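Subject: Structure handover

Hello,

Here is the structure for you to look over. My notes on its salt bridges and on one helix pair follow below it.

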Amino acid sequence: MSIDFYRLSVGTFLRQLDHLDHILVKAQQHCADERVEEPVVLHGRLYPDQLNFTRQVQLATDFAKNSCAQLAGVESPKIDHMEHSLAELRERIAKTMTFIKSLPQSAFVGAIERDLLVPQRDSKIPVSGEHFVLDYALPNFYFHYTTAYAILRNLGLAVHKTDYVGPM
């Protein structure tokens with residue numbers, strides 16, 4: 001069976017980024033309704049040594065954007081980590097989705113066999129496209145996406161599994 005890497009990467013990232021944006025809309029509404037200051041949400045974390053909500057969203061978008069770029073064999077656009085509001089995080093998600101949507105499906109043909117580079121602290125490890133997507137890109141994206149969701153739940157926001165997973 002052949003895996004469609006365009007559907008697996010672009011399709012997955014776009015779907016989940018859309019859900020993440022929806023969750024941020026709920027966070028904005030929660031802040032307005034409950035008179036919660038946005039910095040409480042932006043700086044929220046599950047544990048003191050873990051990255052905060054803003055950084056989790058930034059990293060989720062970075063993994064989506066950079067992974068798709070590498071799979072398509074193109075340069076990933078730089079999006080600085082300068083967000084200081086939920087609205088700015090939503091703009092970041094929108095920019096990421098716009099870039100991912102711009103990648104032609106034809107650029108992903110053969111990505112399963114391509115040697116791609118997994119960045120490490122001081123080096124880059126070559127892996128096949130298959131391992132890149134299944135063992136690096138998707139797990140890292142979902143880690144940060146899930147952690148962002150969990151931070152909001154921990155802060156008492158009314159987001160649920162259906163917000164995270166979305167409709168089938």
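D80 is partly exposed, with a relative accessible area of 43%. Please keep in mind that this is a predicted model, and that the distances and areas here are computed from it.

D80 has a salt-bridge partner, K78, and the N to O distance between their side chains is 3.5 Å. K78 counts as exposed, because its relative accessibility of 70% is over the 50% cut-off. D80 stays in the partly exposed class because 43% lies between the 20% and 50% limits.

In total, the structure holds 5 salt bridges. Two others are worth describing in turn.

The first is between D62 and R92, whose closest N and O atoms are 2.6 Å apart. D62 lies in helix 3 (residues 53-72) and R92 in helix 4 (residues 86-102), so this salt bridge ties together parts that are 30 residues apart in sequence. Both ends count as buried: D62 has 12% relative accessibility and R92 has 1%. The pair also belongs to a network of salt bridges that links D62, E83 and R92.

The second is between K26 and D163, with 3.2 Å from N to O. This pair links distant parts of the chain, with K26 in helix 1 (residues 5-34) and D163 in helix 6 (residues 161-165), 137 residues apart. Here the two ends fall into separate classes: K26 is partly exposed at a relative accessible area of 29%, whereas D163 counts as buried at 7%.

Helix 1 also takes part in a helix pair. How do helix 1 and helix 5 pack, in terms of angle and axis distance? Helix 5 covers residues 129-154, and the two helices pack at an angle of about 10 degrees with their axes 11 Å apart. Helix 1 is therefore roughly parallel to helix 5, because the cut-off for that class is an angle under 35 degrees.

On the helix 1 side, the contact residues include F5, L8, F13, L17, L20 and I23. On the helix 5 side, they include V133, L134, L138, F141, Y145 and L152. By class, the contact has 16 nonpolar, 4 polar and 1 charged residues. E130 of helix 5 is among the contact residues and is the charged one, because Glu falls in the charged class. T12, Q16 and H19 of helix 1, together with G129 of helix 5, also take part in the contact.

Regards

Note on methods:
Residues are numbered from 1 along each chain as its sequence is written. This is a predicted model: local features need pLDDT of at least 70, side-chain atom pairs count only at pLDDT 80 or more; totals for chains, interfaces and linings use all residues. Side-chain values use heavy atoms; hydrogens and water are left out. A salt bridge is a side-chain nitrogen of Lys or Arg within 4 Å of a carboxyl oxygen of Asp or Glu. Helices (H or I, at least four residues) and strands (E, at least two) are DSSP runs, numbered from the N terminus. Buried means under 20% relative accessible area, exposed over 50%, partly exposed in between (1.4 Å probe, protein chains only). Axes are lines fitted to C-alpha atoms, for helices over the stretch in contact, and angles run from 0 to 180 degrees between N-to-C directions. Angles under 35 degrees count as roughly parallel, over 145 as roughly antiparallel, 65 to 115 as roughly perpendicular and the rest as oblique. Contact means heavy atoms within 4.5 Å.
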